[in-house]
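Hi everyone, thanks for making time. I'd like to walk you through a structure that's new to most of us, so let's get it up on the screen.

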Amino acid sequence: MTTPTSRHVAQERDAADPLAGLRDRFVVDDLLYLDGNSLGRLPAATGDHLTGLVRGGWGTELVRSWPTWIEWPRRIGDRIAAHALGARDGEVIVSDSTSVNLYKLAAAALDARPDRRTILADAEEFPTDRYLLEGLAAQRGHTLRLLPSDLDEGLDPDTLAAALTEDVALVVLSAVSYRCGALLDVAAVTEAARRVGALVLWDLSHAVGSVPLDLTAAGADLAVGCTYKYLNGGPGAPAFLYVRRELQESLRQPIWGWFGQRDQFRMGAGYDPAPGPERFLVGTPPVLGMAALDPALDVLADAGMDQVRQKSLRLGELIIELADAWLVPHGFRLASPRDPARRGGHVSLHHPEALRISRALVDAGVVGDYRVPDRLRLGPAALYTRHVDVWDAMDRLRDIAERRAWTGVPAEPSRVT
């Protein structure tokens, strides 16, 4: 009799998977890779695409390619808007890093609410977001209020609602928590903040490409996110920022670079911000980094975010199902929301020896990652991860747990975001 935890069940799910064929569009080896929420796999088309750009665009055309390249931040931004964010053309631009973009938009938002002195953020927000807000608050004499949230369940909307006063200028939150994967309701939070006149800046780094987003329907104000996780843009890929069309003309970002200047090639004496999302650019776009996004977005466009989400939920449920059956008796517990509607694309498991276990997993040919305190974070990306990959990875984790194979493994801090 086939049990729910049988590998045969995973095989059956793969046989019925409408996204199964997309795995062939990635470079995949024997490694069991459950860290797509840190760095996505390489799309198979990316290498030739970049080679063509380097040899042709750079090697042959040289500066004659600039009239094409200079449009890429907007063009690729529109592709991300259409396929991953539910945003309109002209609301997303590709530029800089997530941290720099968050700084630009947070500063612009605070300037747009000059009579308000409070910034709200989750106390468990990703560190760089908190550090940037701490710096902005110190520079401007604002108060940064960090809201307590549960390490496994994320921020309680009631906690946020109680903190929303007429003095709040800006709320900064992640749509999906980097540690536990807790998913916030973008529309509900945005509406609650709008009732008191505050702006909301979303960090979508762990949501984009994993969770369907509809920023237009949600009425979202501002957002940033990276492209090297579920969007598979590669290490160091440039980030994106989103500004709702109706807000663009009223916001002025703090880094006045010539790519954000109106009629930039007139080399004007004074700064006059460009219309549209280009006003949030600063300097020369990272052409090679942006180029890798095109073949990656081709795969996502063919998959469709609804299909991605459904498979992501199935993969996450399989992790939880196997953890309940195999790992709980060995001291593990779920450290993510159990309700799939409240969870993004990754699942965290708590164990006192999670750091050493994560290293033992690498030795066993499985890559997940570790987050303090004592969390093993597993991120199966729907575009290329099979159900049998999850089953095999969890089976190896079970073996490590049963043998206590982490004993003697050195504890090393993770440097993966």
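Before we start, a bit of vocabulary: buried means under 20% relative accessible area, exposed means over 50%, and partly exposed is in between, using a 1.4 Å probe and protein chains only. Now, this is a predicted model, where local features need pLDDT of at least 70, side-chain atom pairs count only at pLDDT 80 or more, and totals for chains, interfaces and linings use all residues. Residues are numbered from 1 along each chain as its sequence is written, and side-chain values use heavy atoms, leaving out hydrogens and water.

Let's begin with lysine 229. An unreviewed UniProt entry gives Lys229 the feature "modified residue: N6-(pyridoxal phosphate)lysine"; such annotations may be inferred rather than shown by experiment, and positions follow the numbering used here, with feature names shortened. So is lysine 229 buried or exposed? Lysine 229 counts as buried, because its relative accessibility is 2%.

The same kind of unreviewed entry in UniProt also lists a "binding site", with Asp129 and Trp258 among its residues. The listed positions spread over 187 residues of sequence, and in space they reach up to 30.8 Å between C-alpha atoms.

Take those two in turn. Aspartate 129 is buried, at 1% relative accessible area. Leaving aside residues up to four places away in sequence, aspartate 129 touches Leu102, Ser174 and Asp203, where contact means heavy atoms within 4.5 Å.

Tryptophan 258, on the other hand, is partly exposed, because its relative accessible area is 36%. With that sequence cut-off of up to four places again, tryptophan 258 touches Gln264, Phe265, Met267 and Val282.
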